[in-house]
Structure formats: structure tokens, C-alpha cells
Amino acid sequence: MASLPPHKADFLRAAVSGGVLKFGSFELKSKRISPYFFNAGDFYRADLLEAIATAYAKAIAEARRSGALPDFDVVFGPAYKGIPLATAATIRLGQLDAAAYGAKCYSFDRKEAKDHGEGGNIVGAPLKGKRVLIVDDVITAGTAKREAIAKIEKEGGVVAGIVVALDRMEKLPSPDGDDSKPMPSAIGELQKEYGLPILAILTLDDIIEGMRGLASEDDIRKTEEYRTKYKASD
Ligand SMILES: O=P(O)(O)OC[C@H]1O[C@H](OP(=O)(O)OP(=O)(O)O)[C@H](O)[C@@H]1O
Ligand SMILES: O=C(O)c1cc(=O)[nH]c(=O)[nH]1
């Protein structure tokens, strides 16, 4: 991982040591078959959860300092894997800088609306009139982030930006389902369409670079082939 900047190398090291980054054959939400998979649900041990929470919190604080992210009120984690990530990132932000982040809130959605008790779709801070930062695991085709934006807007919130652990650097799905057609990048189109800043702690390029000599040559070759197959036209 010598060629990666220290914050990326530390995060990739935590992902590898926790078995979060895997090589094999995996079907994605987009139905693409990938030779690698980043399962953020495997950051379940206290030290690993702290590592990912720290990585998000530092990325957010740095982007606030540089002006790459606007201010926000609520950190929103899309169900399911976004839930512990957003919650842990909120705690870590408050620990890093209580004056700036101690009053930030967390919130997440239910995949199915609750019809009793408090009811509704949202758990945690109400979103109405709030600036909402989405914190989630991975962007592949961008579908999950579009769904999250629609839910937040329906609740009356305004999305301020998106932070993910991994940008897989893939193209949008073609409307006719033919994935061999050139298409623009999922992340670029989200940025353009919604005018949102999107930050990623790691990209697929970082994984390929950082895993050279650590993953098998065969796994790296298959991952490079996958990168070429789903490479965006922009
Ligand atoms: O960019 P996309 O093509 O939408 O795919 C990426 C998303 O898909 C998965 O979430 P999923 O909706 O499967 O929910 P989960 O958090 O319950 O695993 C994954 O956790 C990412 O958030
Ligand atoms: O696209 C997905 O569904 C996906 C990719 C990935 O690397 N990790 C994940 O949890 N989901």
C-alpha cells in the first residue's frame, strides 16, 4: 500500500484485516457480477467500526475545512448498511470537534414503513427543513443514492452532499439494459443531476493500486478487467 496516501492506506488496511474487501464472484444490486466486493457490514468489531467511523469523520471534517462540503445538520445513513456507518460517523465527528459537530444529529430510514407506535419511515432526527449529509458504504450504479435522495426530499430535507467509503468508478446502467454500451459515470451523473458534492474515501483505482502484491495476481487481473468493462465514458 506504499503508493497510497496514509489515510487511504490505513483505511484499506482496516478493510483487509476485517475481511471487508473480498475477491471471488459476487452479484451486485445492479445485477453486475463483480470479482471483488466491499462488505461494509463486516466492520462489526469495535476497533474496525472505530476505524471506518474515523475515516468518514476525518474526510468530512477535511472537506468542510476546504469548502468541498457545505454545512449540514443531519447525517443520514440509508438502510441497512448505512445505518451503523452514519451513526458511528456522527459520534466520531462530535469527538473530533465538539464545537463544530457536537450538535449534529443522525437519522436513517426503514426499508418498510412502520404502521404502529411512532410509525413512519424515518428513525432519528426529523429531516424537515434540515440540511442532510448522506453517509453510505458504496456507490456502484447510483440507484441506492437516488432512492435515499428521494426519501430525504419527501421528508422535507435538503441533501447537502454524499460521502461513501468506496466509489467503484462504474458507469450508469444503460436504459435498455445493455451494459456493453458507453455510459457516463454513476457518480458524475449524480453530481450533475443534483448539483451535489460527492466524496469517496477509496476508489476502485486505489484498491487495485493498494492491493498489488497483497491480493493474488489472478484477482488483480480479474478486477482490472472488470474496471475496463464497466468504465465510464466521461
Ligand atoms: O450504487 P448502487 O448500484 O445502488 O449499489 C450500491 C448500494 O447497494 C447496496 O445497498 P442495498 O440497497 O443492497 O442495501 P443494504 O445496505 O441493505 O445492503 C450497497 O450497500 C450500496 O449502498
Ligand atoms: O453494488 C453493490 O451492490 C455493492 C458493491 C459492493 O462492493 N459492496 C456492496 O455492499 N454492494
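Helices (H or I, at least four residues) and strands (E, at least two) are DSSP runs, numbered from the N terminus. The model is predicted: local features need pLDDT of at least 70, side-chain atom pairs count only at pLDDT 80 or more, and totals for chains, interfaces and linings use all residues. Residues are numbered from 1 along each chain as its sequence is written.

**Exercise 1. Backbone exceptions**

Locate Lys 31 and Met 169, and determine whether each is buried or exposed.

Solution. A residue is buried if 20 or more other C-beta atoms (placed from the backbone) lie within 10 Å of its own, exposed if 12 or fewer, and partly exposed in between.

Step 1. Lys 31 occupies the loop between strand 1 (21–27) and strand 2 (33–38). Its phi is positive, about 80°, although Lys 31 is not a glycine.

Step 2. Because 10 other C-beta atoms lie within 10 Å, Lys 31 is exposed.

Step 3. Met 169 belongs to the loop between strand 7 (158–167) and helix 6 (186–194). Here too phi is positive, near 60°, in a residue other than glycine.

Step 4. Met 169 has 21 C-beta neighbours inside 10 Å and therefore counts as buried.

Step 5. A further backbone feature is the cis peptide bond from Ala 79 to Tyr 80, with omega near -10°. Tyr 80 lies in the loop between strand 3 and helix 3. For context, most residues other than glycine have a negative phi, and most peptide bonds are trans.

**Exercise 2. The nonpolar core**

Identify the residues with the most contacts inside the largest nonpolar core, and the helix that gives the most to this core.

Solution. A nonpolar core is a set of buried Ala, Val, Leu, Ile, Met, Phe, Trp, Tyr and Cys residues joined through C-beta atoms within 7 Å.

Step 1. The largest such core has 62 residues, and those with the most contacts inside it are Ile 52, Tyr 56, Phe 76, Ala 89 and Val 132.

Step 2. Helix 2 (residues 46–66) gives the most to this core, namely 8 residues.

Step 3. Two residues are in contact if their C-beta atoms, placed from the backbone, lie within 7 Å. Leaving aside residues up to four places away in sequence, Val 132 touches, among others, Phe 72, Phe 76, Leu 127 and Ile 152.

**Exercise 3. Helix 3**

Describe the span of helix 3 and state what covers its buried residues.

Solution. Step 1. Helix 3 (residues 82–96) has 15 residues and reaches 21 Å from its first C-alpha to its last, close to the 21 Å expected at 1.5 Å a residue; the expected span is 1.5 Å times one less than the number of residues.

Step 2. Its buried residues include Gly 82, Ile 83, Leu 85 and Ala 89.

Step 3. The cover over the buried residues includes helix 2, strand 3 (74–77), helix 4 (98–101), strand 4 (105–114) and strand 6 (131–139).

**Exercise 4. A helix pair**

Classify the packing of helix 1 against helix 7.

Solution. Step 1. Axes are lines fitted to C-alpha atoms, for helices over the stretch in contact, and angles run from 0 to 180 degrees between N-to-C directions. Helix 1 (residues 6–17) and helix 7 (residues 204–211) pack at an angle of about 75°, with axes 11 Å apart.

Step 2. Helix 1 is therefore roughly perpendicular to helix 7, the term covering 65 to 115 degrees.

Step 3. At this meeting, Lys 8, Ala 9 and Leu 12 in helix 1 face Asp 206, Ile 207 and Gly 210 in helix 7 as contacts.

Key:
Chains are lettered from A and ligands numbered from 1 in the order in which they are written. Angles under 35 degrees count as roughly parallel, over 145 as roughly antiparallel, 65 to 115 as roughly perpendicular and the rest as oblique.
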